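The following points are offered as a colleague's note on the structure shown below. Please read them with the structure in view.

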Amino acid sequence: MNNGGMENEISDLEDDVARRAAVSRTPAELEAIRTEVFGRRGGRLSRIMATLPTMPPAQRAQVGLQANQAKKRIEEALAAAQERLTDAEMAVSLGHKYDVSFPGTAPRIQPIHVLRRTLNDVAEFFRHRGFAIVMGPEIENEYYNFEAMNIPPDHPARDSMDTFYLPDGNLLRTHTSPMQVRAMLRYPSPLAILVPGRVYRRDALDASHSFTFHQIEGLQVDRGVTFGHLKAFARDLCRHLFGPGRRTRFRPSYFQFTEPSAEVDVSCGLCDGAGCRTCGGSGWLEMGGSGMVHPKVLREAGYDPENLSGWAWGLGIERMAMLRHGIDDIRVFSENEPAALDQIA
Ligand code: DAH
């Protein structure tokens, strides 16, 4: 083998590798070329290198130099091809996961639910007036829901609160009032509490009725508490919630657990008492029931009605929110339709 032959073989090898590396499509293809050239046994360049020691010195120097340069260039060609493949692979895999031309979806950040905000505002008002907020169980028993509230078994007043009974004889509370007795049994007087919470009734769903809604029970018991305290708290709460111009009115009513009893009304914000469609022509909107705690209820809770008196109310939180935001359908609160809730925010 003469010198020229060896030189040609090396430059042919170099050309061949450069051409094939440039069009290679997979890392495996490149790896195969690498082995073909540099493989310890039988690699095309390795074989040429192996013959160097057998050459005359002058030829050895020349061929050795050429082989080393070829080795370097082949490695560069393979590295460039490798980089090209890695880039292409990355572009493909990114392309699978992200379509950068696809329109973005903004994350939905919901405002605090309107019922929670209404409740927060009521709590804010009472926090400055020394009331504690207490919570009670939604699963109640007949005793606290009815009997302790002076509604004996078979009393027709139970019919007005169509009740969901559970298989074990317990029930879903129909009002937050049972917490009056629970709280009085637990804490000594003087007592001033608010009890927000969910209540349940077997009502058919329509624009103004729901099988579940929220009430906020208020209770203040002390020596010398009068109906005047109830009136003042109701008036000031309504002004706080609906604006300074709003008026409150007390309509005689009847509840088993209060004596006397009254419905709390607030003047209609749309017609200011003149009568319009929103208030059904009456000029007033109903907020809930109230009254002076019945002596029997105080006694049942271990409080002495001779020395102590109290007012109580159960106001509807949905109703407050409806009045404040001009919502005419109670279903809005429980359906949690984001578009509808956004409008209220
Ligand atoms: N619990 C009554 C209801 O749900 C509302 C009520 C009336 C609560 C008078 C009271 C009250 O605390 O004094 O219909």
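1. In this predicted model, Arg-173 is buried, yet it has no salt bridge. The nearest side chain of opposite charge belongs to Glu-138, at 4.6 Å. Because a salt bridge requires a side-chain nitrogen of Lys or Arg within 4 Å of a carboxyl oxygen of Asp or Glu, the pair Arg-173 and Glu-138, 4.6 Å apart, is not counted as one.

2. Where does Arg-173 lie in the chain? Arg-173 belongs to the loop between β3 (171-172) and α7 (178-186).

3. What does the side chain of Arg-173 reach at 3.4 Å? The partner is the backbone oxygen of Gly-136. Leaving aside residues up to four places away in sequence, Arg-173 also touches several others, among them Pro-137, Glu-138, Glu-140 and Asn-145. Further contacts of Arg-173 include Pro-196, Gly-197, Arg-198, Val-199 and Tyr-200.

4. A separate topic is the ligand. There are 16 residues around the ligand, and those that come nearest are His-175, Ser-177, Arg-201, Gln-215 and Glu-217. Three strands, β5 (212-222), β8 (284-293) and β9 (309-316), each supply at least two residues of the shell around the ligand.

5. Which polar atoms approach the ligand? His-175 places a polar side-chain atom 2.8 Å from a ligand nitrogen atom. In the side chain of Gln-180, an N or O atom is 3.0 Å from an oxygen atom of the ligand. Trp-313 contributes a polar backbone atom, 3.3 Å from an oxygen atom of the ligand. Taken alone, the ligand exposes 350 Å², of which the protein buries 93%.

How values were computed: Residues numbered from 1 in each chain as written. Predicted model: local features only at pLDDT ≥ 70, side-chain atom pairs only at ≥ 80, totals over all residues. Heavy atoms only, no water. Helix = DSSP H or I, 4+ residues; strand = E, 2+ residues; numbered from the N terminus. Buried < 20%, exposed > 50% of the residue type's maximum accessible area, 1.4 Å probe, protein only. Lys, Arg positive; Asp, Glu negative; His and termini not counted. Polar contact = N/O pair within 3.5 Å; in protein donor to acceptor, adjacent residues only side chain to side chain. Contact = heavy atoms within 4.5 Å. Near = heavy atom within 4 Å. Areas by Shrake-Rupley, 256 points an atom, 1.4 Å probe, with all protein chains shown as cover.
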